[in-house]
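Dear colleague,

Please find below the structure that I am handing over to you. My notes on it follow directly after.

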Amino acid sequence: LYFDTRDLQFYSSHIEGSIDRFKIRLRWYTFSKYKQGEYFLEYKRRINKKTIKYKIKLPITNLNEFNNQIMYDFLNTIIASNNLHPIQNNLKPILFNSYNRSYYFDKNNNNRITLDSNMSFSKASLSLKPIYFQNINYKIIEHKYGEKKNKSKINQSSIERFKRVNFSKYIFGLIHTRKPLLSDVY
């Protein structure tokens with residue numbers, strides 16, 4: 001569940017290419033054995049081309065227990081403990097995102113590839129309910145690596161036919177759920 005300001009400042013800073021931008025989201029795992037039933041508040045910041053994610057486990061067991069007070073208390077904890085810029089208290093739920101993820105890991109060189117499929121997006125109501133999920137037939141492969149020198153150990157020829165792009169599920173989902181309001185940037 002992604003949050004943004006009422007005037008979509010996070011969206012705008014991404015589209016405008018701001019070199020210092022961030023996202024705030026609530027993440028949980030529904031059908032996974034990994035941390036099932038746990039909820040995390042994430043503050044994801046991108047400075048130039050480097051992304052830093054701050055994550056904190058919330059003391060809730062379902063979405064009905066989540067409220068603005070919990071969000072701001074834990075968001076302020078993340079901000080204070082990491083010396084980040086304060087965030088205005090006018091965030092609202094904007095977008096639900098659901099997808100299946102498969103992980104592929106090479107322990108020898110600390111490379112990981114994720115495959116996200118069956119992506120669905122829905123506008124979010126103020127009561128933290130999805131309005132209508134739209135299934136988008138996209139698959140996203142992401143290569144994650146520990147150290148920059150290990151990046152080249154994945155066989156480049158096997159992925160040459162793919163175009164390298166920056167991709168944001170938040171921006172992509174927002175565009176697809178609000179097409180009349182937002183211009184198509186993809």
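**Contacts within the chain**

K55 has a relative accessible area of 37%, so it is classed as partly exposed. Please bear in mind that the model is a predicted one.

K55 is a convenient place to begin. Its side chain meets that of E42 in a salt bridge, with 3.9 Å from N to O. This pair links distant parts of the chain, since E42 belongs to strand β3 and K55 to strand β4 (residues 50–57), 13 residues apart. In contrast to K55, E42 is buried, because its relative accessible area is 0%. K55 also lies over the face of F40, at 4.6 Å from the ring centre.

The salt bridges may be taken together next. The count for the structure comes to six. Through shared partners, salt bridges join R25, R27, E42 and K55 into one network.

Another of these contacts is formed by D20 and R45, whose closest N and O atoms are 2.7 Å apart. D20 is in strand β2 (residues 20–28) and R45 in strand β3 (residues 39–47), so this salt bridge ties together parts that are 25 residues apart in sequence. The two partners may be described in turn: D20 counts as partly exposed because its relative accessibility is 32%, while R45, at 10%, counts as buried.

A further salt bridge brings together the side chains of D116 and K169, at 2.7 Å from N to O. Here, too, distant parts of the chain are linked: D116 is in strand β6 and K169 in helix α3 (residues 169–177), 53 residues apart. Both D116 and K169 are buried. K169 has a ring contact as well, for its charged end sits over the ring of Y99, 4.4 Å from the centre of that ring.

**Aromatic pairs**

The structure holds 11 aromatic pairs. In one of them, the ring centres of W28 and F96 are 6.5 Å apart and the planes stand at 85°, so the pair is edge-to-face. W28 lies in strand β2 and F96 in strand β5 (residues 91–106), so the pair ties together parts that are 68 residues apart in sequence. W28 is partly exposed because its relative accessible area is 25%, whereas F96, with 5%, is buried. Elsewhere, ring pairs link F10, F22, Y43 and Y54 into a cluster.

**Backbone**

Which residues deserve a look for their backbone angles? Most residues other than glycine have a negative phi. L8 is not a glycine, yet its phi is positive, at about 55°. L8 is located in the loop between β1 (2–5) and α1 (9–15). With a relative accessibility of 14%, L8 counts as buried, because buried means under 20%.

L128 likewise has a positive phi although it is not a glycine, the value being about 60°. The loop that holds L128 runs between β6 (111–123) and β7 (134–136). L128 counts as buried because its relative accessibility is 12%.

When you open the model, I would suggest viewing K55 with its partner E42 and the ring of F40, and then K169 with D116 and the ring of Y99.

With kind regards

Methods
Residues are numbered from 1 along each chain as its sequence is written. This is a predicted model: local features need pLDDT of at least 70, side-chain atom pairs count only at pLDDT 80 or more; totals for chains, interfaces and linings use all residues. Side-chain values use heavy atoms; hydrogens and water are left out. Helices (H or I, at least four residues) and strands (E, at least two) are DSSP runs, numbered from the N terminus. Buried means under 20% relative accessible area, exposed over 50%, partly exposed in between (1.4 Å probe, protein chains only). A salt bridge is a side-chain nitrogen of Lys or Arg within 4 Å of a carboxyl oxygen of Asp or Glu. Rings of Phe, Tyr and Trp (its six-membered ring) pair if their centres lie within 6.5 Å; planes under 30 degrees apart count as stacked, over 60 as edge-to-face and the rest as tilted. A charge sits over a ring if NZ of Lys or CZ of Arg is within 6 Å of the ring centre and within 35 degrees of the ring normal.
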